[in-house]
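Subject: Structure handover

Hello,

Here is the structure you asked to look at. Please open it next to this email, and my notes will follow below.

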Amino acid sequence: ARGITVLHPPGSVSSVAGGINDSGQIVGYFYTSGGEHGFLNTNGILTIIDVPGLPTQPRGLNNGGQIVGSTSSYEGFLYTNGAYTSVHFPGVRNSVPMGINYAGQIVELAGCVLDAGREFTPILIPGSQLSASFGINNAGQVAGEFIDSSGRLHGFVATPVPEPASTLLLALGVLVACTFSKSRAAAFACPRRKNAAFGRASAPSALVPWQAAPAPGPAPRASG
């Protein structure tokens, strides 16, 4: 049997727990009558995790306390020791980082992995019409789901395999990859090959200090 603890941040009308690490720290987000906020729960002590000026949805954290997630406008972020960093997957218009492991590898909802060297690897699933990746463990294995050509939904685990040539693929017995339906491809699809349109030299630009949008100035007065 397991005891159930309801996470209900003060003032919230609803809440979502997105991830938990080995120390029992929990991240998630909640809604109030005034908006949406992220949180970190450490032994019952709540810390607000909000990207400056934006509604925030933390979705995963590692054992080092690093947190990943996205804003309401699908801008990915990495939170480390009180600092926010923008996480952008080249070729993915809407970025939703879902998990991070102790090595700092970040998995994107659309099926890409950003490693500590800031290289991107797509998860390729032949025959997939739509796929999503939800988490990554310390061994680099990625768990998610995909829809095949007949419309059936399947779960998958993608395990890193040795690099056969210049392309690193992830496998689950057969090689698997990140594909979305055409209607969503422009918004969420990952690049189809490793470092497509970007290389190691340019990859660090994927992580840049978060720049909050300037606060709007006062509304102009109507001329009489």
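How many aromatic pairs does the structure hold? There are 5 aromatic pairs in it. Please keep in mind that this is a predicted model.

Start with the rings of F146 and F156. Their centres are 6.4 Å apart and their planes meet at 50°. A pair counts as tilted when its planes are neither under 30 degrees apart nor over 60, so this pair is tilted. F146 sits in strand β14 and F156 in strand β15, with their positions 10 residues apart in the numbering, and the pair links distant parts of the chain. F146 and F156 are both buried.

Other ring pairs connect F77, Y79 and Y84, and these residues form a cluster.

Next, the nonpolar core. The largest one has 13 residues. Which of them touch the most other members? They are V107, V113, I123, V142 and F156. At least two residues of this core come from each of β13, β14 and β15, the last of these covering 153–160. F156 therefore appears twice in these notes: as a partner of F146 in the tilted pair, and among the core residues with the most contacts to other members.

Two of the strands that supply the core also pair with each other. Strand β13 covers residues 130–136 and strand β14 covers residues 142–147; they are antiparallel and share 6 bridges. To find one of these bridges, look at G135, whose partner in β14 is A143. The two strands make a hairpin with 5 residues between them. In its turn, G140 has a positive phi of about 85°.

Earlier in the chain, strands β2, β3 and β4 are worth following in order. Strand β2 (residues 26–32) and strand β3 (residues 35–42) run antiparallel and are joined by 7 bridges. In this pairing T32 lies opposite G35 of β3. The hairpin from β2 to β3 passes through 2 residues.

Strand β3 is also joined to strand β4 (residues 45–49), again in the antiparallel sense, by 5 bridges. Here N41 is opposite L46 of β4. What lies between β3 and β4? They form a hairpin with 2 residues between them, and N43 in the turn has a positive phi of about 55°.

Regards

Terms used
Residues are numbered from 1 along each chain as its sequence is written. This is a predicted model: local features need pLDDT of at least 70, side-chain atom pairs count only at pLDDT 80 or more; totals for chains, interfaces and linings use all residues. Side-chain values use heavy atoms; hydrogens and water are left out. Two strands pair if DSSP finds at least two bridges between them. Helices (H or I, at least four residues) and strands (E, at least two) are DSSP runs, numbered from the N terminus. A nonpolar core is a set of buried Ala, Val, Leu, Ile, Met, Phe, Trp, Tyr and Cys residues joined through side-chain atoms within 4.5 Å. Buried means under 20% relative accessible area, exposed over 50%, partly exposed in between (1.4 Å probe, protein chains only). Rings of Phe, Tyr and Trp (its six-membered ring) pair if their centres lie within 6.5 Å; planes under 30 degrees apart count as stacked, over 60 as edge-to-face and the rest as tilted.
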